[in-house]
Amino acid sequence: MTDKTFLNWPFFTDRHRTLAEAIERWSAANLPVGHGDVDAACRDLVVRLGRDGWLTHTAPDPETPSPLDVRTLCLIRETLARHDGLADFAFAMQGLGAGPISLFGSTEQRRWLHRTRNGEAIAAFALTEQRSGSDVANIAMTATRDGDGYILDGEKTWISNGGIADFYVVFARSGEGPAAKGLSAFLVPAGLPGFSVAERIEVIAPHPLARLTFNRVPVPASAVIGAPGDGFKIAMSTLDIFRATVGAAALGFARRALDETVKRARSRELFGGPLADLQIVQSYIAEMAVDVDAAALLVYRAAWTKDNGAPRVTREAAMAKLFSTDRAQAVIDKAVQLHGGDGVRHGNVVERLYREIRALRIYEGASEVQKIVIARQTLMGA
Ligand SMILES: Cc1cc2nc3c(=O)[nH]c(=O)nc-3n(C[C@H](O)[C@H](O)[C@H](O)COP(=O)(O)OP(=O)(O)OC[C@H]3O[C@@H](n4cnc5c(N)ncnc54)[C@H](O)[C@@H]3O)c2cc1C
């Protein structure tokens with residue numbers, strides 16, 4: 001049985017508790033899905049998450065805008081991740097891809113949110129380039145003024161939903177200032193002339209991922225999200241909200257690993273008794289349980305802080321992501337160890353978790369970058 005006692009913590013309201021039960025029921029009835037064709041599986045997941053209303057939580061209603069509820073995003077991501085990493089991915093990317101529009105979009109741009117919220121349109125967030133992964137301010141892709149609009153030229157890589165997205169939020173150098181001060185965000189529908197998928201990227205836990213080419217792609221001035229030159233701020237504000245939710249996904253993976261380990265330790269007979277009777281095994285399980293609860297405290301602290309009106313949660317979100325993803329890796333590693341040979345057998349739940357957790361320590365700010373952020377905030381006395 002998955003531990004749900006954390007739902008009694010003061011971070012949550014009854015609305016969150018009801019939602020947690022509902023997403024648990026939905027996940028148990030609908031997940032996991034087959035991952036054979038990840039593009040088809042993702043499209044189908046977006047349709048079903050949209051049909052059943054879950055995607056309404058990824059972006060505000062354009063008619064009656066209200067702030068995103070980060071605790072809701074975290075509860076949904078944690079639960080989906082516990083059942084199926086690809087479902088969490090499909091949900092999360094709708095939020096991240098639409099995030100800049102939710103936070104800074106014009107009325108016209110916000111019309112897309114109707115379609116991302118009901119599962120009709122798939123969103124993508126295109127920030128990374130070959131030479132600017134962690135070093136975001138080093139973006140080379142250019143946005144050159146051309147009459148009333150801009151011409152986009154360059155490449156993006158490691159773009160989730162690349163190849164299946166209906167639109168990409170693209171960050172490019174528009175030149176209002178040096179480095180981070182000269183970037184703008186653009187809403188770019190897929191299929192514009194000059195846009196192409198240069199390469200599909202395969203990773204250890206498959207999901208749609210691609211390198212994209214923009215060869216003199218024309219976009220109107222109305223494609224700029226927020227003001228020209230605000231691209232870096234828009235990217236960082238979006239990541240500020242969604243970073244804690246990466247921690248929530250890691251937490252879901254870790255909880256599942258702990259659940260699987262408890263089942264295994266109780267049922268596996270070794271040396272004349274259950275595995276769970278061995279004290280070293282109990283020590284592992286205790287460490288796993290502490291890591292899960294500590295990660296949950298940091299994730300939901302960050303979410304609660306944002307939901308209670310903090311303009312930025314840079315420190316809290318960085319701590320949540322760093323700790324939760326690192327400790328989930330350790331929890332899952334112990335789960336694999338305690339499953340013995342079965343732990344590395346293809347198709348075993350903990351083998352899948354072992355592959356799924358890894359990228360979370362790299363994307364949306366690698367662990368080392370989170371440490372720099374936390375140290376800087378701490379040294380400033382934040
Ligand atoms: C599965 C997956 C999905 C992704 N999805 C998206 C997406 O949808 N959109 C998007 O824009 N990008 C996406 N990315 C890209 C991701 O954000 C980058 O991979 C990440 O920012 C790291 O950039 P990089 O790969 O260029 O590594 P580099 O920047 O080259 O960094 C390599 C390593 O160096 C270390 N490092 C980096 N900076 C520092 C530092 N300051 N001090 C010490 N060590 C440091 C870290 O260990 C880091 O992992 C995705 C990546 C993956 C793996």
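Let me start with the ligand, which in this predicted model is surrounded by 20 residues, the closest of them being F125, T128, S134, W158 and S160. If you look at which elements contribute to that shell, you will find that β1, residues 123–126, supplies at least two residues, and that β3 and α11, the latter covering 367–379, each do so as well.

The polar contacts come next, and I will take the backbone before the side chain. A backbone N or O atom of F125 lies 2.7 Å from a nitrogen atom of the ligand, while a polar backbone atom of L127 is 2.9 Å from one of the ligand's oxygen atoms. From a side chain, we have S160, where a polar atom lies 2.8 Å from a nitrogen atom of the ligand. How much of the ligand does the protein bury? Taken alone, the ligand exposes 970 Å², and 67% of that is buried by the protein.

Since β3 has already come up, let me stay with that strand for a moment. It runs from residue 149 to residue 160 and is antiparallel to β2, residues 142–146, with 5 bridges joining the two. Together they make a hairpin that has 2 residues between the strands, and in that turn G147 has a positive phi of about 60°. To help you find the register on the screen, T142 stands opposite D153 in β3. On this same hairpin, please also look at R145 and Y150, where the charged end of the arginine sits over the tyrosine ring, 4.6 Å from its centre.

That brings me to the aromatic residues, of which the structure holds 11 pairs. Why is the pair of W9 and F11 called edge-to-face? The ring centres are 6.4 Å apart and the planes meet at 75°, and an angle over 60 degrees is what places a pair in that class. W9 counts as buried because its relative accessibility is 18%, and F11 likewise counts as buried, at 16%. A second pair, Y168 with F195, is tilted, with 5.1 Å from centre to centre and 40° between the planes. Because Y168 lies in strand β4, residues 167–173, and F195 in strand β6, residues 195–200, this pair ties together parts that are 27 residues apart in sequence. Both Y168 and F195 are buried.

Going back to W9 and F11, ring pairs link these two with F6, F12, Y300 and W304 into a cluster. One member of that cluster, F6, also has a charged neighbour, since R255 lies over the face of its ring, at 4.1 Å from the ring centre.

I would like to finish with two positions away from the aromatic pairs. The residue E260 is found in helix α7, which spans residues 231–267, and E260 counts as buried because its relative accessibility is 12%. Its C-alpha is 9.7 Å from that of V336, although the two residues are 76 apart in sequence.

The other position is T58, in the loop between α2, 38–51, and α3, 70–83. Is T58 buried or exposed? With a relative accessible area of 0%, T58 is buried, and its side chain reaches the backbone oxygen of L55 at 2.6 Å.

Note on methods. Residues are numbered from 1 along each chain as its sequence is written. This is a predicted model: local features need pLDDT of at least 70, side-chain atom pairs count only at pLDDT 80 or more; totals for chains, interfaces and linings use all residues. Side-chain values use heavy atoms; hydrogens and water are left out. Two strands pair if DSSP finds at least two bridges between them. Helices (H or I, at least four residues) and strands (E, at least two) are DSSP runs, numbered from the N terminus. Rings of Phe, Tyr and Trp (its six-membered ring) pair if their centres lie within 6.5 Å; planes under 30 degrees apart count as stacked, over 60 as edge-to-face and the rest as tilted. Buried means under 20% relative accessible area, exposed over 50%, partly exposed in between (1.4 Å probe, protein chains only). A charge sits over a ring if NZ of Lys or CZ of Arg is within 6 Å of the ring centre and within 35 degrees of the ring normal. A residue is near a molecule or strand if one of its heavy atoms lies within 4 Å of it. A polar contact is a pair of N or O atoms within 3.5 Å; within protein, one must be able to donate a hydrogen and the other to accept it, and residues adjacent in sequence count only if both atoms are side-chain atoms. Accessible areas come from the Shrake-Rupley method with a 1.4 Å probe; for residues, only the protein chains shown count as cover.
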